[in-house]
Amino acid sequence: MTDSRFTGTNSYIATDDLSMAVNAAVTLQRPILIKGEPGTGKTQLAIEVANALGKPLYEWHIKSTTKAQQGLYEYDAVARLRDSQLGDDKVHDISNYIMPGKIWEAFDSEEQPVLLIDEIDKADIEFPNDLLQELDRMEFYVYETKKLISARTRPIIVITSNNEKELPDAFLRRCFFHYIKFPDQKTMAKIVDVHFPNLKKDLLSEALNSFYKVRDVRGLKKKPSTSELLDWIKLLLAEDIPLEALRTENSRSAIPPLYGALLKNEQDVHLFEQLVFLDRRANPQ
Amino acid sequence: MLIPFFYLLREGGMKTSITELLTLHEALKSGLAGQSVDDFYFLARTALVKDEAHLDRFDRIFGAYFKGVDDSLSDLMQEIPEEWLQRQAELSLSEEERQLIESMGGFEELMKALQERLEEQDERHEGGNKWIGTAGTSPFGAYGYNPEGVRIGQEGSRNRSAVKVWDKREYRNLDDSVELGTRNIKVALRRLRKFAREGAADQLDLNDTIDKTARNGGMLDIRMVPERHNAVKVLLCLDIGGSMDDHVRICEETFSAARSEFKHLEYFYFHNFVYENMWKDNRRRQAEKTPTLDITHKYPSDYKLIFVGDATMSPYEIVYPGGSVEHWNEEPGAAWMKRLLQTYPKAIWLNPEPKARWDYTPSVKLVQELMNDRMYPLTIAGLDEGIKALR
């Protein structure tokens, strides 16, 4: 039914399985749940889907205090109370105090929108359950005004999760699911290429080699991910690091330059430096 | 056609539901998968699997179920290589599965072709090849209807071409992940939360304020309530030193997670097993001991007691007086354990050793008996179970 199929954009590389998951969700108009290591482009996906299909994007970022109701609407009782004390005329119409949330906004959109519900696992454990009906039927009831709000066009809903909480089964059953696995070196080269199109081939391959070596170091608490790699390459380019600095004969005999962009944990930096030190002692040059 | 596959998934321990099966059918009907098996695999995966820990399981079941179909069909087109029979037979097709293949068409033909090949191979065997010696001719009996014939070429080594996506099993290490970060532990521990309003009233109670204001004829009547706090109290006893050195990191993580998660957390250390004393500071463990009796008297019985230890020691250390490796204990550790459990009925033991190894250590069994089987492995799943037992 949708003639446009998502296959990635010129700034986002989507693997075949990811495209399939997105297209399934778009065609059947079900929400799609995206999981994966931090920094593998989960949130970016929604933005790119909206871009690629030319649809408006509504972003709803979830915090630990977010309630499901806030996505639908909020009734500002305090404002109404204040107005009533001040004798404001607005007070007689309750709809003046109903603030539409992101889901309402998306439901109200003229053309089919993309709705991003970002990091749903941050919220309370019951949060996804509270949205079941709304996501299923794409409608909800506003008790204050006794109106039923239903979606003009069912939005494409992209939900991301960092796996900090398990999501309820009933919720999962209504979604398509995709786990973005960490890209292999080939895919990664493509990803870097769309971000830095003019990067020299040899610099790219050296950078990728160093990057995967760092990732392979055992015992790292937080492995560097795609977004860290992109930042690192940006830094390398900005600092104009010569190719030779990246190219090392021995795998661990040198710390890659500007490694602060790759390792975000003090203990990891320590561990890495120790490994390098041990290695240098073992193989003096 | 997907129903047997659906049941196979459920037998494989996946919680696939009818809704999801219907979704998949709907997706297939709308022509999403096209003609390619890979597309079908991606589609089935995105519709049926909802937990990355199950991806590997799905891959294996998918491989086992559809491999036969896919391979045997493509085998018609190409030569069967020599090594095909060396593969171990893994899956026997049941009657209904065979019917399924038949209903997909081409089974008879396929089998005929296979039979021909079989016979051809058989002749070669008589020529002196070794392969059929171990496998025996019987699997290829009179009908040539044997599942092994369909299963050939698992792993895709058959034609040395690209491995099938699901045979790559890229999600292998995500299955039953044992990796525990502080964050995960915190989340697991969070299930133990029990909120209660205690202390000074410093938050506006909006509902009550509105209610009281309305009753007050519209004049504001502010109502306050105390903030909600996690009211769960935890007593954490950590085994330290000796065989626990291997598990330092995970214990550190559990400890730091527990510390930030519970406001009322008391912790004590012990070595190997609980006796008359525990201590709070490992460097001064000889000088600053806390008698276990003092602990049971000081902290009321609504505390939840969590032991963290590998419970790996000589059984004497538990059941005999004087069994401790560090000092002379007047009473056996088991007696102290019983006292603690009497005071704190809600208690669990978390063991960082993998569960599979528990059976080989008699002391673990002893501790399990003492704890009434409330011993759980120190993994996310184990922690979950343990927390359930504590509630």
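**Notes on the sheet, the hairpin and the A–B contact**

1. Let's start with the core of chain A: its open sheet is built from five strands, arranged β2-β5-β8-β1-β9, and the pairing is parallel. Please keep in mind as you read that this is a predicted model.

2. At the edges of that sheet sit β2 (57–61) and β9 (176–180) of chain A, each of which pairs on one side only. On average, neighbouring strands here are turned by 20° against each other, direction ignored.

3. For a closer look at one edge, follow β2(A) to its partner, strand β5 (residues 114–118) of chain A; the two run parallel and are joined by five bridges. If you would like a pair to find on screen, Tyr58(A) has Leu115(A) in β5(A) as its bridge partner.

4. There is also an antiparallel pair in chain A: strand β6 (residues 139–142) and strand β7 (residues 147–150) are linked over four bridges. Within this pair, Phe140(A) stands opposite Ile149(A) of β7(A). The hairpin of β6(A) and β7(A) has four residues between the strands, and Lys146(A) takes a positive phi there, near 55°.

5. Now to the partner chain. Contacts between the two involve 24 residues of chain A and 25 residues of chain B. On the chain A side, the elements giving two or more residues are α1 (16–28), α4 (77–86), α8 (169–173) and β9. The edge strand β9 of the sheet is thus also one of the elements on the side that touches chain B.

6. Which element of chain A gives the most to this side? That is α1(A), with eight residues. By character, the residues of chain A on this side divide into ten nonpolar, nine charged and five polar.

Key. Residues numbered from 1 in each chain as written. Chains lettered and ligands numbered in written order. Predicted model: local features only at pLDDT ≥ 70, side-chain atom pairs only at ≥ 80, totals over all residues. Pairing = 2+ DSSP bridges. Axes fitted to C-alpha atoms, helices over the stretch in contact; angles between N-to-C directions. Contact = placed C-beta atoms within 7 Å. Nonpolar A, V, L, I, M, F, W, Y, C, P; charged D, E, K, R; others polar.
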